[in-house]
Amino acid sequence: MSKATKYISRVPDDKGLIDWSDEENSIWQELLARQLSHIEGTVCDEYLVGLKLLNFPADRIPQLEEVSVVLRATTGWQCEPVPALIGFGEFFKLLSEKKFPVATFIRSREEFDYLQEPDIFHEIFGHCPLLTNPSFANYTEAYGKMGLNASKEDRIFLARLYWFTVEFGLLDTPKGLRVYGGGIISSPSETKYALYDETPERKSLSAKNVLDVLRTPYRIDIMQPIYFMLKEITDLDKIREYEISEIMDLVEQAKKLGLFEAKFQPKQTKKAS
Ligand SMILES: [Fe+2]
C-alpha cells in the first residue's frame, strides 16, 4: 500500500463529478463487457443481487455518487474518492465510517489484464455489488474498526484477514464453488483458476480457524496458492462477532506461533544497479 505507482487519481469537481476521457470510458466499457461474460455460474448469488441493483452503465465509468445512492439505500455505505495509494490508517478509518475507498483512476491498456494497484474498475465492479449485502458490509465495517487502533505490526496480520475474505474469498455452496472476493471477481483468469484449477489449496474458513488466516502468507502479484472458503456469506456475521471480541488475542497468538510456510517462491527483488 506504500509502494510507488505510475497512476494519479482524477480529482472530482465541486459537484463530486469526474470528467472521464473517451479513452478511459472505453477501457471501462471493454473491461465490463469482458468481466460480465465470465460471471455466469462463477460469482455468488449475493454479488448478482448487488450487480442488478447497481446497474452499471455499459459505456462509461459510473460517477461515484451513482454507486453511493444504491449503497446508502441498502447498507448505509458510500464510495469515497481517494488517491491511487493510501496508507493503512486512512484505509481503516474510511472502512470504519462505512466509506469505501475508491482510487479514481482506471488502468491503462498496457495493464488491461493485470495490475497490482486497485483501480476504479476493481473497486466498483469487484467490491461494490457485495457492499449491498448486510453481512459483507457489516463485516467490512467491523474490520475497519478493528484496524483503527491496531499497531503497524498488528495491521500486517489484520491485512491477511481482508486479503483472504474481502479480496480472495470463496463460497462452498450447494451449487458449487462461487466467488465473493473482489480480487478474483475483477480477474477472469483468476476466476477460472480459483474455481476450477487443481493447483490451489482450498481451506474451509469459520470462526474456529481465523487464526490460520492470520498465519497464512500471501503475495499480491501471483495467482493465490491458497483460498479460504465460507459455506455462505452469512458466515461473515459469525466471524465478525467472534473477531470483535478475540481478534487482538488471535493476533498475539499468531505472532507467537509464526507464519505458516509460504506456498510460493519469494518475490524476486531487482538489485540496485
Ligand atoms: Fe480490493
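The legends below describe close-up views of a predicted model.

**View 1. The iron ion and its coordinating residues.**
In this predicted model, the iron ion is coordinated by His122 and His127, each through NE2, and by Glu167, which is listed with two OE contacts, at 2.0 to 2.7 Å. The angles among the four donor atoms run from 52 to 134°, and the site of the iron ion is irregular. Because four donors count as tetrahedral only if all angles lie between 85 and 135 degrees, the value of 52° at the lower end of the range does not fit that description. Along the chain, the donors of the iron ion follow the spacing H-x4-H-x39-E. The pair formed by histidine 127, in helix 5 (residues 120–127), and glutamate 167, in helix 7 (residues 152–167), links distant parts of the chain, 40 residues apart. Histidine 127 and glutamate 167 are both buried.

**View 2. The crossing of helix 7 and helix 11.**
Helix 7, which carries glutamate 167, meets helix 11 (residues 235–257) with the two axes coming within 10 Å and crossing at roughly 110°, so that helix 7 is roughly perpendicular to helix 11. This crossing of helix 7 and helix 11 is right-handed. On the side of helix 7, the contact is made by Glu153, Asp154, Phe157, Leu158 and Leu161, and on the side of helix 11 by Glu243, Ile247, Met248, Val251, Glu252, Ala254 and Lys255.

**View 3. The packing of helix 1 and helix 5.**
Helix 5, in which histidine 127 is located, packs with helix 1 (residues 22–36) at an angle of about 35°, with their axes 11 Å apart. The crossing of helix 1 and helix 5 is right-handed. Trp28, Leu31, Leu32, Gln35 and Leu36 from helix 1 meet Ile120, Phe121, Ile124 and Phe125 from helix 5.

**View 4. Asparagine 55 and glutamine 63 in a loop.**
Asparagine 55 is placed in the loop between helix 2 (45–54) and helix 3 (64–74), and glutamine 63 lies in the loop between helix 2 and helix 3 as well. Asparagine 55 counts as exposed because its relative accessibility is 59%, whereas glutamine 63, with a relative accessible area of 17%, is buried. Although asparagine 55 is not a glycine, it has a positive phi of about 45°. From C-alpha to C-alpha, asparagine 55 and valine 67 are 9.0 Å apart in space, and they are 12 residues apart in sequence. Leaving aside neighbours within four places in sequence, glutamine 63 is in contact with Gly16, Leu17, Ile18 and Trp20. The C-alpha atoms of glutamine 63 and glutamate 246 are separated by 39 Å, and these residues are 183 residues apart along the chain.

**View 5. Glutamate 141 and lysine 98.**
Glutamate 141 is placed in helix 6 (residues 134–148) and is buried, with a relative accessible area of 14%. When residues up to four places away in sequence are not counted, glutamate 141 touches Trp77, Leu95, Ser96 and Lys98. One of these contacts, lysine 98, has its place in the loop between helix 4 (88–96) and strand 2 (99–103). Lysine 98 is partly exposed, with a relative accessible area of 24%, and its phi is near 60°, a positive value in a residue other than glycine.

Notes
Residues numbered from 1 in each chain as written. Predicted model: local features only at pLDDT ≥ 70, side-chain atom pairs only at ≥ 80, totals over all residues. Heavy atoms only, no water. Donors = N, O, S within 2.8 Å, 3.2 Å for Na, K, Ca; no water. Tetrahedral: all angles 85-135°; square planar, octahedral: opposite > 155°, others 65-115°. Helix = DSSP H or I, 4+ residues; strand = E, 2+ residues; numbered from the N terminus. Buried < 20%, exposed > 50% of the residue type's maximum accessible area, 1.4 Å probe, protein only. Axes fitted to C-alpha atoms, helices over the stretch in contact; angles between N-to-C directions. Parallel < 35°, antiparallel > 145°, perpendicular 65-115°, else oblique. Left-handed = near helix turned anticlockwise from the far one by under 90°. Contact = heavy atoms within 4.5 Å.
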